[in-house]
Amino acid sequence: MKNTGNYFLHLVLGYLLFMQLNLSAQQFIALKQTRVELAGEKFFLVDGEIVVAEDRLKPLGRKIILPVRIYKGKAAQLKEPIFWLSGGPGFSNLVPPKSFAKSKAAVQLLTNHDVVCVGYRGVDGSVILHAKKTMKAFKSSKEPLLSDAS
């Protein structure tokens, strides 16, 4: 029997992300499309942005812009998109092509899927949060960042 667990998980995660962001086609703005070389193959890369409510409980309130990077898959009939989640507290989710190309698994995903990176609120986009104490800890700590010693 074919393992459909991962397919279902990706489908659900993608659906939940778009439901949480309450996206529509009008909210995505493609800014530029370029060709990039990844593992010796050429792919299209679309950089754009989405406009979302800063507080999803106040959809008519302040809007913020989040950058989106889409690595376009090769297949004529693509399967569901894969949402790439990397980075973390204080770090971007917008994987640059050079870093993306280093991951064989990432490049293999492009055989049948688009790979979508959505910038994190507070790190990427129109609102950047700067916490001086956290940045100092990132730069100067010899201990693990979340340890008591840090």
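# Working through a mixed sheet and its core

Ile 70 stands opposite Val 116, a residue of strand E5. Keep that pairing in mind, as the exercises start from the sheet and move to the rings and the core.

The model is predicted, so local features need a pLDDT of at least 70 and side-chain atom pairs count only at pLDDT 80 or more, while totals for chains, interfaces and linings use all residues. Numbering runs from 1 along each chain as its sequence is written, and side-chain values use heavy atoms, with hydrogens and water left out.

## Exercise 1: Lay out the sheet

Find the order of the 5 strands in the open sheet, and say which strands stand at its edges.

**Solution.**

Step 1. Begin with the inventory: the protein chain has 4 helices and 7 strands. Both kinds of element are DSSP runs numbered from the N terminus, with helices (H or I) of at least four residues and strands (E) of at least two. Along the sequence they follow the pattern α-β-β-β-β-α-α-β-β-β-α.

Step 2. Collect the pairings, where two strands pair if DSSP finds at least two bridges between them. E2 and E3 are antiparallel over 9 bridges, and Val 52 has Ile 64 in E3 as its bridge partner. E3 and E5 are also antiparallel, over 4 bridges. E4 and E5 (residues 115-118) run parallel over 2 bridges, with Ile 82 opposite Val 115 in E5.

Step 3. Put these together: the order is E1-E2-E3-E5-E4, with mixed pairing. E1 (28-38) and E4 are the edge strands; each has a single partner, so one side of each lacks a neighbour in the sheet.

## Exercise 2: Describe a ring pair

What are the centre distance and plane angle for Tyr 71 and Phe 100, and which class does the pair fall into?

**Solution.**

Step 1. Set the rule: rings of Phe, Tyr and Trp (its six-membered ring) pair if their centres lie within 6.5 Å; planes under 30 degrees apart are stacked, over 60 edge-to-face, and the rest tilted. This rule gives 2 aromatic pairs.

Step 2. Apply the rule to Tyr 71 and Phe 100: the centres are 4.1 Å apart and the planes differ by 5°, so by the cut-off of under 30 degrees the pair is stacked.

Step 3. Locate the partners: Tyr 71 belongs to strand E3 (residues 63-71) and Phe 100 to helix H2, 29 residues apart, so by sequence position the pair links distant parts of the chain.

Step 4. Widen the view: Tyr 71, Trp 84 and Phe 100 form one aromatic cluster.

Two other rings have a charge over them (NZ of Lys or CZ of Arg within 6 Å of the ring centre and within 35 degrees of the ring normal). The charged end of Arg 35 is 4.8 Å from the ring centre of Phe 44, and that of Lys 74 is 4.9 Å from the centre of Phe 43.

## Exercise 3: Trace the core

How many residues does the largest nonpolar core have, and which elements each supply at least two of them?

**Solution.**

Step 1. A nonpolar core is a set of buried Ala, Val, Leu, Ile, Met, Phe, Trp, Tyr and Cys residues joined through side-chain atoms within 4.5 Å. Buried means under 20% relative accessible area, exposed over 50%, and partly exposed in between (1.4 Å probe, protein chains only).

Step 2. The largest core has 13 residues, and those with the most contacts inside it include Val 36, Leu 38, Tyr 71 and Phe 100. E1, E2 (41-53), helix H3 (104-109) and E5 each supply at least two of its residues. A second, separate core of 10 residues includes Val 46, Ile 64, Val 68 and Val 116.

Step 3. Now look at E3: 7 of its 9 residues are buried, so the rest of the structure largely encloses this strand. Buried residues make up 27% of the 150 in the protein chain.

## Exercise 4: Compare two loop residues

Are Pro 96 and Gln 77 buried, partly exposed or exposed?

**Solution.**

Step 1. Pro 96 lies in the loop between E4 (82-83) and H2 (97-101). Its relative accessibility is 38%, so Pro 96 is partly exposed. Beyond its neighbours within four places in sequence, Pro 96 has contacts (heavy atoms within 4.5 Å) with Arg 69 and Tyr 71.

Step 2. Gln 77 sits in the loop between E3 and E4. At 69% relative accessible area, Gln 77 is exposed. Its C-alpha atom is 7.6 Å from that of Asn 112, 35 residues away in sequence.
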